[in-house]
Amino acid sequence: MSKHKDIEAYRKQLRECVKCGTCRAHCPVFKQVQSEAVVARGKISLAEALMNDEIELDRRLISDISQCLACGRCVRKCPNQVPTDEIILALRRRIGREKGLTLFGRGVSTVLQRPWLMNLLTRLGRMFSWLVFRKVPQNSGLRLRFPSPYISRDRTIPEIAPRAFRQSHPEFIAGDEDKPLVTFFTGCMINHMLPEIGDGVLAALQSLGMNILIPKDQGCCGLPALCAGDGKGAACLADRNLEALTAHKADFIVTACASCHSGLTKHFRDLGPDHAALADKVMDIHEFLVDQGFDEKLLQLPRQENPQPVGYHVPCHLREPGLKEAPRKLLSALPSIRLVDMKHAGACCGLGGTFSVYHYDISKKLGALKAEGIRDSEAEIVATACPGCIMQLQDTINHAGMSQQVCHVLELVAADLKNTDLGQANRTDAKLR
């Protein structure tokens, strides 16, 4: 089985940190906590001290290492490009090995590695949601009725979908014979909670006549397990997806989740040459559509009067690798909306995977900054390109007592494709080969 690097493998990169403090100006957590231990140079100092046996792997150190959003700002702004995000994940893997995973971490990793268990739990969750959850106003999600470990009762979470996305569609959808074969990596939230995003992806790809493959045996990208410190489980998931996504000779592999894109293209690349080759084939769906000239096709649709004002939140996992413009191009081309500017549009929403579970108080403070920008804009809808950001932003908006709804860019694309010649193209040709 593939294996990530141990923390000892990063000694050279650790020495490249000159402790200049540039990271302090860009770390969202540091701005809230004002503790040197949570910023990049502080964590690097802790890593060096731990490797030199100057400190122990105690509760305080574990807490400091957990306070990272994995947003990547510190890496991009670092003069020496020290890979602090990779170093922190390596530290978490060491914590997982030597101290064990948290109860939440064990639960996440166990469920993600067993698709049958996830399917069972989502069905049970849907069945008993009326008992466990209560709806929040305006159909903006659910909140727990009773206390639960790690999850705050005032946190908004999406409803579980009546039917999983991959169960609702054939594995292969035929398009034009001369068009590429595109494999769609759905991720967990699209599959189980937000299948309407997947439907939007299919609508866009079918309008271009693409041949579409949705592998049934794909699983979680592995990033949640990696962030929880379960390196073995994350590598196992990566190996499983490698097999599932390369079983057919797809021309492209697309993702509609910024975190899944980061997992497949960045965090599992170093597991071996096969994983690196897979990473080279993966594209964010917005980048793929713009490369195919889809935004130009959208511009040809009849413009609508009084378009709805929509703001765009940039997910960290698309911003840092420089993939922030394609979603805006698609939104700008849609005939039914008017893209408006939002203050703090590029700021982290505060989710950070397991970060918002362990440090929800800080997560809410970061969300409040987003709410301020949304409130001051004209936006009636907030669009983004990450299901996790959708959940966090809707929670933020609900806490602020605001009425805006959050959705994925591809949902808005699908809405404008509906009942147009472009949207109807190739729909009747869909079939299982």
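Helices here are DSSP runs (H or I) of at least four residues, numbered from the N terminus. The model shown in every view is predicted.

**View A. A nonpolar patch on the surface draws most heavily on helix α8.**
Ten side chains are worth labelling here: W116, L120, L121, L124, M127, F128, W130, L131, V132 and F146. Together they make a nonpolar surface patch of about 1000 Å². Which helix gives the most to this patch? Helix α8 does, with five residues. Helix α8 covers residues 115–127, and helix α9 covers 129–132. Each of these two helices supplies at least two residues of the patch. V132 belongs to helix α9. Its relative accessible area is 31%, so V132 is partly exposed. A patch residue must have over 30% relative accessible area, so V132 qualifies at 31%.

**View B. The whole chain is as compact as a globular protein of its length.**
The fold holds 24 helices and 11 strands. Its radius of gyration is 21 Å, close to the 22 Å that the globule rule gives for 433 residues. The C-alpha trace spans about 65 × 50 × 50 Å along its principal axes. Buried residues make up 58% of the 433. Consider contacts between residues with a separation of 6 or more. Of these, 77% join residues 24 or more positions apart. The protein exposes about 19000 Å². Carbon and sulfur atoms supply 52% of that area.

**View C. A salt bridge links R94 to E8.**
The whole structure contains 21 salt bridges. One of them pairs R94 with E8, and their closest N and O atoms are 3.5 Å apart. Which parts of the chain does this pair tie together? R94 lies in helix α6 (residues 84–99), while E8 sits in the segment before α1 (11–15). The bridge therefore joins parts that are 86 residues apart in sequence. The partners differ in burial: R94 is buried, with a relative accessible area of 12%, whereas E8 is partly exposed at 38%.

**View D. K12 and E16 meet in a salt bridge.**
The N to O distance between these two side chains is 2.7 Å. Is K12 buried or exposed? K12 counts as exposed, at 53% relative accessibility. The cut-off for exposed is over 50%, so K12 passes it. E16 counts as partly exposed, at 27% relative accessibility. Side chains of opposite charge can pair when their charged atoms come close.

**View E. R60 and D64 pair within helix α4.**
The closest N and O atoms of this salt bridge are 3.7 Å apart. Helix α4 spans residues 59–66. Because R60 and D64 are four residues apart in this helix, about one helical turn separates them. R60 counts as exposed, at 57% relative accessibility. D64 counts as buried, at 7%. Elsewhere, salt bridges that share partners join E8, R94 and E98 into one network. View C shows the link between R94 and E8.

**View F. Q34 and H344 have positive phi values, and neither is a glycine.**
Phi of Q34 is near 55°. Where does Q34 sit? Its place is in the loop between α2 (28–33) and α3 (40–51). Q34 is exposed, with a relative accessible area of 54%. For H344, phi is about 65°. This residue lies in the loop between β9 (337–340) and α20 (355–358). H344 counts as partly exposed, at 31% relative accessibility.

**View G. Confidence stays under 50 over residues 426–433.**
The mean pLDDT of the protein is 92. A pLDDT of 70 or more is reached by 96% of the residues. Over residues 426–433, pLDDT stays under 50. How many contacts beyond four places in sequence does the model have for this stretch? It has 19.

Conventions:
Residues numbered from 1 in each chain as written. Predicted model: local features only at pLDDT ≥ 70, side-chain atom pairs only at ≥ 80, totals over all residues. Heavy atoms only, no water. pLDDT = per-residue confidence, 0-100. Contact = heavy atoms within 4.5 Å. Patch = residues over 30% accessible without salt bridge, like charges linked within 9 Å, V, L, I, M, F, W, Y side chains within 5 Å. Areas by Shrake-Rupley, 256 points an atom, 1.4 Å probe, with all protein chains shown as cover. Salt bridge = Lys/Arg side-chain N within 4 Å of Asp/Glu carboxyl O. Buried < 20%, exposed > 50% of the residue type's maximum accessible area, 1.4 Å probe, protein only. Rg over C-alpha atoms; globule rule 2.2 N^0.38 Å.
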